[in-house]
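Work through the exercises below with the model open beside you. Try each task before you read its solution.

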Amino acid sequence: MGEVAVYCDYVLFGKDGSPLAVVEAKRTSKDPNVGRKQVMLYADCLERKFGRRPMMFTTNGFETYFWDDKTSPQRPVSGIFSKDDLQKMMNRRSEHKDLMQIPIDDKITDRYYQKEAIQAVCDAIGERNRRKALLVMATGSGKTRTVISLADVLIRHGWVKNLLFLADRNALVTQAKRAFHNELPNLSLCDLTNSKEDANARAVFSTYQTMMNCIDAMRNEEGGRLFTPGHFDLIVVDEAHRSIYNKYKDIFTYFDALLVGLT
């Protein structure tokens, strides 16, 4: 029996000629999830042909859903990811390691409650597929050190490449950047409130207002995207009160990233 031809709407290929993602596009009047089974069929066919399962998108032009059934469940995203972002996610399938087997660096955090907080977040991310966590810690208990140590764990073992630290004042941004530099001196850093020239650094520090302006500029200037939706793998939200989340929720809607709040 001959093979049956299957026609996908869009297939996004990597530099190696293998598919990174497949996209099922529906009319604007339809729910994009109508195409869920269809895009999974396409992914099955591409996996048989190329030996690698692509990630999947369904969209109607207004709503877009993404998932990689090798690593994560379906979720809404702000748009189709760039080739580099998709390649980074594809590489992560083989690079990331079991978070519960990763040692925490005592030079950064040596208090028992800091380690418990880090282990709890790692458990939520690694074992329960959660994408959001909130650390509630008293003043003086080392919130910044704890999140630096968490970032170190996630970076060292392939879960995070690029991170964004958000605060509501320039002084807190400067303070956080200095703390990261002291504890992770090999990590490239950028203070977005001072300069956008180093925006390709691994760790970006910004006020909410500055990042909102960057996102607004992306919408207004064709091809002027400073950061793509999949650029950041981890967003740390300082003083993560409900009012902050509600006021600046466009940031968290635009970026598809693990989200860790500090309060």
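**Exercise 1. A hairpin**

Find the bridge partner of tyrosine 65 in E5. Then describe how strand E4 and E5 pair.

Solution.
- Step 1. Tyrosine 65 has proline 76 as its bridge partner in E5. This is a predicted model, so treat each position as a prediction.
- Step 2. Strand E4 covers residues 64-68, and its pairing with E5 is antiparallel, over four bridges.
- Step 3. Three residues lie between E4 and E5, and the two strands form a hairpin.

**Exercise 2. One residue in E5**

Take glutamine 74. Is it buried, partly exposed or exposed? Which residues does it touch?

Solution.
- Step 1. Locate glutamine 74 in strand E5, residues 72-77.
- Step 2. Its relative accessibility is 27%. Buried needs under 20% and exposed needs over 50%, so glutamine 74 is partly exposed.
- Step 3. List its contacts, leaving out residues up to four places away in sequence: Asn33, Arg36, Thr58, Tyr65, Phe66 and Trp67.
- Step 4. Look for polar contacts between side chains. Glutamine 74 makes one with asparagine 33 at 2.7 Å. Another, of 3.3 Å, links it to arginine 36.
- Step 5. Set a distant residue against these. Valine 153 is 79 residues from glutamine 74 in sequence, and their C-alpha atoms are 25 Å apart.

**Exercise 3. The six-stranded sheet**

Give the strand order of the open sheet of six strands. Which strands stand at the edges?

Solution.
- Step 1. The order is E6-E11-E10-E7-E9-E8, and the pairing is parallel.
- Step 2. E6 and strand E8 (189-191) are the edge strands. Each has a single partner strand, so one side of each has no neighbour in the sheet.
- Step 3. On average, neighbouring strands here are turned by 15° against each other, direction ignored.
- Step 4. Zoom in on one pair. Strand E7 (residues 163-167) and strand E9 (residues 203-207) are joined in the parallel sense by five bridges. Within this pair, leucine 164 has valine 204 of E9 as its bridge partner.
- Step 5. Add a helix. Helix H4 (residues 143-156) lies across E6, E7, E10 and strand E11 (258-262). H4 runs at about 165° to E11.

**Exercise 4. The cores**

Which residues of the largest nonpolar core touch the most other members? Which element gives the largest share?

Solution.
- Step 1. This core has 38 residues, and Leu163, Phe165, Phe180 and Leu234 touch the most other members.
- Step 2. Elements giving two or more residues are H3, H4, E7, helix H5 (170-183), E9, E10 and E11.
- Step 3. H4 gives the largest share, seven residues.
- Step 4. Follow leucine 163. Beyond four places in sequence, its contacts include Ala151, Ile155, Phe180, Val204 and Leu234.
- Step 5. There is a second, separate core of 24 residues, with Tyr208, Val237, Ile244 and Tyr248 among them.

**Exercise 5. Positive phi**

What is the sign of phi at asparagine 129 and where does this residue lie? Repeat for glutamate 239.

Solution.
- Step 1. Recall the rule: most residues other than glycine have a negative phi.
- Step 2. Asparagine 129 is not a glycine, yet its phi is positive, about 55°. It lies in the loop between helix H3 (112-126) and strand E6 (132-135). Its relative accessible area is 40%, so it is partly exposed.
- Step 3. Glutamate 239 is not a glycine either, and its phi is positive, about 50°. Its loop runs between strand E10 (234-237) and helix H7 (242-247). With a relative accessible area of 27%, glutamate 239 is partly exposed.

Terms used
Residues numbered from 1 in each chain as written. Predicted model: local features only at pLDDT ≥ 70, side-chain atom pairs only at ≥ 80, totals over all residues. Heavy atoms only, no water. Buried < 20%, exposed > 50% of the residue type's maximum accessible area, 1.4 Å probe, protein only. Pairing = 2+ DSSP bridges. Axes fitted to C-alpha atoms, helices over the stretch in contact; angles between N-to-C directions. Contact = heavy atoms within 4.5 Å. Polar contact = N/O pair within 3.5 Å; in protein donor to acceptor, adjacent residues only side chain to side chain. Core = buried A, V, L, I, M, F, W, Y, C linked by side-chain atoms within 4.5 Å.
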